[in-house]
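Here are a few friendly notes to read alongside the picture. Take them one at a time, and keep the structure open as you go.

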Amino acid sequence: MASNVAGAKRYFARQSENSEYRAEYARAKAEIDFIDSVVREIESRRSHLGLSEAELAQRAGVPARSVRGLLVARRSALRLRTVAAVAAALGIAVRVDHETNAHVVAVS
């Protein structure tokens, strides 16, 4: 197993020398960080309001499994419409600015 780890480190070290790889890595990292910030804001607001996941799903008009998937990091199949509906149900406006990067704006 140790040799696999060392091999992976060498592979990624070589890849990071490639400017296209570095640019794509930075883009993907920014996207993941943005999604995580949205989810943290949603969970914080849900908790603050004392809502269960099921109650939030009902408010948002989405299936409870979608809210559970959003909050437990099974986000690969989430649709932007679902994230936006859940955020809106909590009074959170999500704005994506493609020129300056994406960010979350919380609205009371």
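The points below go from the whole chain to one helix pair, then to the core and a single residue.

1. Before anything else, please remember that this is a predicted model. The chain has five helices and two strands. If you trace the sequence from start to end, the order is α-α-α-α-α-β-β, with the helices ahead of the strands.

2. Next, some totals for the chain. It has 108 residues, and 21% of them are buried. The accessible surface is about 7700 Å², and carbon and sulfur atoms account for 53% of that area. Now look at contacts between residues at least 6 apart in sequence: 53% of these link residues at least 24 apart.

3. Now find helix H3 (residues 53-60) and helix H4 (residues 64-71). They pack at an angle of about 115 degrees, and their axes lie 8 Å apart. The crossing of H3 past H4 is right-handed. Which residues meet here? From H3 come Glu53, Leu56 and Ala57, while H4 brings Ala64, Val67, Arg68 and Leu71. Sorted by class, this contact contains five nonpolar residues, two charged ones and no polar ones.

4. Let us turn to the largest nonpolar core, which has 18 residues. Which members touch the most other members? They are Ile42, Leu56, Val67, Leu70 and Val86. Two or more core residues come from each of helix H2 (19-49), H3, H4 and helix H5 (80-89). As background, nonpolar side chains in soluble globular proteins tend to be buried together.

5. Val67 is a good residue to click on, as it appears both in the H3 contact and among the core members just named. Leaving aside residues up to four places away in sequence, Val67 touches Glu53, Leu56, Ala57, Val62 and Val86.

6. Finally, have a look at Arg46, which sits in helix H2. Is Arg46 buried or exposed? Arg46 counts as buried because its relative accessibility is 13%, and the cut-off for buried is under 20%. What does Arg46 touch, once residues up to four places away in sequence are set aside? The list is Leu51, Ser52, Glu53, Leu56, Leu71 and Leu90. You can also compare Arg46 with Ala89: they are 43 residues apart along the chain, and their C-alpha atoms are separated by 9.5 Å.

Key. Residues are numbered from 1 along each chain as its sequence is written. This is a predicted model: local features need pLDDT of at least 70, side-chain atom pairs count only at pLDDT 80 or more; totals for chains, interfaces and linings use all residues. Side-chain values use heavy atoms; hydrogens and water are left out. Axes are lines fitted to C-alpha atoms, for helices over the stretch in contact, and angles run from 0 to 180 degrees between N-to-C directions. Helices (H or I, at least four residues) and strands (E, at least two) are DSSP runs, numbered from the N terminus. A crossing is left-handed if the near helix is turned anticlockwise from the far one by less than a right angle, and right-handed if clockwise. Contact means heavy atoms within 4.5 Å. Ala, Val, Leu, Ile, Met, Phe, Trp, Tyr, Cys and Pro count as nonpolar, Asp, Glu, Lys and Arg as charged, and the others, Gly among them, as polar. A nonpolar core is a set of buried Ala, Val, Leu, Ile, Met, Phe, Trp, Tyr and Cys residues joined through side-chain atoms within 4.5 Å. Buried means under 20% relative accessible area, exposed over 50%, partly exposed in between (1.4 Å probe, protein chains only). Accessible areas come from the Shrake-Rupley method with a 1.4 Å probe; for residues, only the protein chains shown count as cover.
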